[in-house]
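I pulled up a new model today and wanted to jot down what I checked. Sequence and coordinates first, then my entries.

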Amino acid sequence: MLLSQQLIVLLLITFTHGDDCPIFFNPPELVVEYGASASVNCSTSITVEVIGWNISEGAVQVSEDLVSWSVNELWNWELEQTCYISSNKTQCSQNLMVTLYKTPDSVSLSTVDHTGSMIEGEHYKLQCDIQDVAPVKSLRVKWFKGETLLNLTTFNDTTKTPVNESATLLITANKADDGVQYRCEAELELGPDGPQPPPTVTSKPLYISISSQCPVQLNPPRLVARYDSPVSVNCSAAVAHEGMGWEASEESVPMNDFSLITWNVQNLRQWDIQPMCFIIYNGDQCTSPLPITIYKTPDSVSLSTVDHTGSMIEGEHYKLQCDIQDVAPVKSLRVKWFKGETQVNLTTFSDTTRFPVNESATLLITANKADDGVQYRCEAELELGPDGPQSPPTVTSEPLNISISSQCPVQLNPPRLVARYDSPVSVNCSAAVTHEGMGWEASEGSVPMNDFSLITWNVQNLRQWDIQPMCFIIYNGDQCTSPLPITIYKIPDSVSISTVDHTGPMIEGEHYKLQCDIQDVAPVKSLRVKWFKGETQVNLITFSDTTRSPVNESATLLITANKADDGVQYRCKAELELGPDGPQPPPTVTSEPLNISISSQCPVQLNPPRLVARYDSPVSVNCSAAVAHEGMGWEASEGSVPMTEDSLITWNVQNLRQWDIQPMCFINFNGEQCTSPLPTTIYKTPDSVSISTADDIVMDGNLYKLQCDIQDVAPVKSLRVKWFKGETLLNLTTFNDTTKTPVNESATLLITANKADDGVQYRCEAELELGPDGPQRPPTVTSEPLSITVQYKPEIKICKDWSPAIWSSLGSYPSSSSVVGNPRPKISWSHGSSSVSVSKQLDKHDSGHYKITASNKHGNSSCVIRITLEYPPEINCHDNYQIKEKTLFKPPCLFDGSPKPHVFLYKDEKAIQLPYYPTWNDSGWYHLTASNKYRTVHHNFTINILYAPMFDTNQATFFVVEDSDISLECNSTGNPEPEMWWSFNNKNISAERHHRQITLNIQKATFTSAGVYKCSATNEFGLQEKNFIVEIKGNFPINITIVVALIAFTLLALIILFLYGWKKRKSSGHYQIQSEKQYEMCLLSNGGPK
């Protein structure tokens, strides 16, 4: 058994694999429900010596030119089945496409961060949670309002195993929707080979209740609080009311007639608390719930491999698991997966549990030689929205080192290359096995194939950022490659540090942002920015951008001004951490130091403390003092307020048009003057936003650039350009320009053309993110959509066998609609080496393998299908048949038809169970039918059953009175008619042979007539015999006593008579033979059975 498996593996290694392999599956693709049975036939159109399956489970049955694979219950998500053939002309294999699916355990619909009635005009998010579904790429979530389809959500995740998924829908509360029902449907669209209609699981309906706006205002309007921390929220009313208060399971506020009431909790520890402010207004009570999120960061985060230790084998699949301990709420948890410094995946959760739980997330990876030595890590981040802490609370696992062993028999030295841009490089590739050739493939410095065992890749000045060298070897008839992991780096041209939106001394207790600008550095993923206060490192910032070529990057640091830091120096250091294969210590460029000056708090209060205002709009800011002073006022280039002894002064401007205005409130206090500058941001929304590209038509796989032009916007540092493909956010572009006045800006986005994007619409949105003091929502201007035409070579998405009705044309092939391409492909057909017109009507002799080819100017695609023409049944039968009894009757008719007709046999209008073994009495008329889905045809015929002679074989004994007449009648049946005769004492006494019936007449019987008479019947199928025993009685009354007395007297006489009769051998009496056409045997004269 082991030897046979090794031979199969060796055979598969040497096989070719691809579209030219004449292997056909039925069905061509397997779509099966998880845990269900499955079976597939593999056949070929050529004569082969070997045909078989390379399988991981199930059973195989082999016939002459077909092998069938079947499994009773399919549980393997990673099933890989391969059919292979071998002949003296070809050896090849083909993989069976398998889709294993599982319908969701449950589908539920809920609102996110909201309970109770919705407020008219507000925005809400609905979430559809789908539990344990696979595969995700086939999942479609349909959103319904009542019976109207609102939206369709699809997924790109290629995970094969069951996962939990969520989809969201943003809605705006409308009074007309009060009482409406929303629902979501999870549908698995598995293609034409999958179940029809697609499997669907629907959520229970979600009832929506809409209420008008309640006239109270919460400050803050939403609360995000850390567990066990103090909280405080104000509720105010600007209308006359009959009373208001707070309802909460902790620290409720009783109803009173104030217009501002505060809800306070010193240590918030109730996970399910639901505070709401209520007001009695115009005789009615309404409530305003406080959306509240209580969070807890994880106690620990750890990363491990599942069911594996040691090195990973290149090409194999492995699962990593990230375990997060004691975190809440789960719905805010995001697990980020990193390979090195590159984020490779993001896992979210739909669990609505509010209190702390333990969670796990998994990541499937494929071992790649280029990843040998790479470190994976996972980060558990609580994304708590704009009202939560910025940056989100994060806990990171320890790194997990990955070791990959290669199956390609070459060795690179060094195994990884880290090289400075424009420097010389040299790498050896060696082989310790016998080979047919090896070499280097690279966009620069390639080495042609040769038979050496050591070859060197050399480049004098390495300047290609995206170079991907690989060593290849031809080994045992196959080629394998070993890519060289390569990192090209460039140290920054300059590193500088500055404060953002501030000059001069910092005010104690205020928050400020420092910015470190790094010019022309690569690669970004290796960049680490270290922040120092004096000689103490205070922060470290890393980057996930995978750009290889040099870019400009910025990092920021938030600080709080502290009097103890007056005169301290900050600096930032840009370091390229290139791993153990890079230079040691890492290349570093440090900024000039930034001197910090701290001044004490000026005893005035600004309201609002920061100003964000639209250009040309009115503004008003109060400055108040709670201390005795010698005078206070406003200094500004517009709207100055002279010094006054008042304790509250207001700065007013009717139309704010000065972009560089710097208002500040001053106060003379204890003989000194201090100032409190008003941080001011003046913004202007763009006059227009447009999107364009140099090429409206692009080729699949090519790069093209989109450009978003924003006209007359300010300030640029607040500008964010969002890029959308359809409704999907693709990218976000930000700007570092500190210009305050309106400018024209442009943002670009590089896109790789994909045929799936043909006809898709792109758009860009210019958004001014002005912070918490700016308008909510941020001002946004959106471009008109830009439609992209992607041209690509044809693709035949569905290639499956076809069974059309006779006289169909190739143009009616149903899967022709699955042929895609741009420009629209031209379809052609061929059969063998001959082309076939698409309009040709196919007859029943045209079944066979056909090639369909789709062509356009970019290329062609083809597939081979088996066409089986279908047509009604035909019967070609005789009218009469004969058969020996008890032998199998197979109507020697010619049956034709496709699909193969079902044949039924009837006699006397009763169906006969097949197989049929007729008996001697089954001769007669028969009725035959042949049916398929097109029609039923009929034929009548007779069957003549042939059988050996038959009569009653039981022995018959007759007692006859002496001197009377006897008639013995013998009846038989048989086909053909049997010949019959009588014999007595083994002597033929018939004058001639007769048929069916023969009668023996004995006249005036004597004692010599007694004995055994034999009736014989024979035909070509056998001989049958029946015995008749005749005994003679005396014709006088006999007294038993006399008989006994005479026995002794007559004994001698009887012996003498017997001897005399034996000697003479002469029978006495008269015989007559009769023949009649009757079928039963009976006694015709005196006497009867005993």
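In which helix does Leu-1051 lie? I looked it up: Leu-1051 sits in helix 2, which spans residues 1040–1064. Before I go further, a reminder to myself that this is a predicted model.

**Entry: the nonpolar patch**

I stayed with Leu-1051 for a moment. Together with Ile-1055, Phe-1058 and Leu-1059, Leu-1051 makes a nonpolar surface patch of about 420 Å². I then checked how open Leu-1051 is, and its relative accessible area came out at 48%. That falls short of the over 50% needed for exposed but is not under 20% either, so Leu-1051 goes down as partly exposed.

**Entry: the second largest pocket**

Next I opened the pocket list and picked the second largest pocket, with a volume of about 1400 Å³. It has 43 lining residues, and I noted the closest to its centre: Gly-340, Ala-370, Val-374, Thr-487 and Lys-525.

Which strands supply at least two residues each to that lining? I found strand 36 (375–382), strand 41 (417–420), strand 48 (486–489) and strand 53 (536–542). Strand 48 gives the most, with three residues.

I also sorted the lining by class. The tally is 18 nonpolar, 14 polar and eleven charged residues.

**Entry: cis peptide bonds**

Most peptide bonds are trans, so I went looking for cis ones. One cis bond joins Asn-413 and Pro-414, with omega at about 0°. I traced Pro-414 to the loop between strand 40 (410–413) and strand 41, and strand 41 is already in my notes as a supplier to the pocket lining.

Another cis bond runs from Ala-522 to Pro-523, where omega is near -10°. Pro-523 is in the loop between strand 51 (511–521) and strand 52 (527–533).

**Entry: positive phi**

Most residues other than glycine have a negative phi, so I wrote down a couple with the opposite sign.

Asp-501 has phi near 60°. I placed Asp-501 in the loop between strand 49 (494–499) and strand 50 (506–507). Is Asp-501 buried or exposed? Its relative accessibility is 54%, and the cut-off is over 50%, so Asp-501 counts as exposed.

Trp-807 has phi near 75°. Trp-807 lies in the loop between strand 77 (789–796) and strand 78 (819–822). I checked the accessible area here too: Trp-807 is at 51% relative, over the 50% line, and therefore exposed.

**Entry: two distances along the chain**

I ended with a pair of C-alpha checks. Cys-764 is in strand 74 (residues 761–768). Its relative accessible area is 0%, which is under 20%, so I marked Cys-764 as buried. From there I went to Pro-823, 59 residues apart along the chain, and the C-alpha atoms are separated by 28 Å.

How far apart are the C-alpha atoms of Pro-162 and Val-136? I got 7.8 Å, for residues 26 apart along the chain. Pro-162 belongs to the loop between strand 15 (148–154) and strand 16 (163–172). With a relative accessible area of 24%, Pro-162 is partly exposed, because buried would need a value under 20%.

Methods:
Residues are numbered from 1 along each chain as its sequence is written. This is a predicted model: local features need pLDDT of at least 70, side-chain atom pairs count only at pLDDT 80 or more; totals for chains, interfaces and linings use all residues. Side-chain values use heavy atoms; hydrogens and water are left out. On a 1 Å grid over the protein atoms alone, a cavity is a set of points where a 1.4 Å probe fits but cannot get out, and a pocket is an open set with protein on both sides within 12 Å along at least five of seven lines; lining residues have an atom within 4 Å of a point. Grid points are joined across faces, edges and corners, and a volume is the space filled by probe spheres set on the points. Helices (H or I, at least four residues) and strands (E, at least two) are DSSP runs, numbered from the N terminus. Ala, Val, Leu, Ile, Met, Phe, Trp, Tyr, Cys and Pro count as nonpolar, Asp, Glu, Lys and Arg as charged, and the others, Gly among them, as polar. Patches are made of residues with over 30% relative accessible area and no salt bridge: like charges are joined within 9 Å, nonpolar side chains (Val, Leu, Ile, Met, Phe, Trp, Tyr) within 5 Å. Accessible areas come from the Shrake-Rupley method with a 1.4 Å probe; for residues, only the protein chains shown count as cover. A salt bridge is a side-chain nitrogen of Lys or Arg within 4 Å of a carboxyl oxygen of Asp or Glu. Buried means under 20% relative accessible area, exposed over 50%, partly exposed in between (1.4 Å probe, protein chains only).
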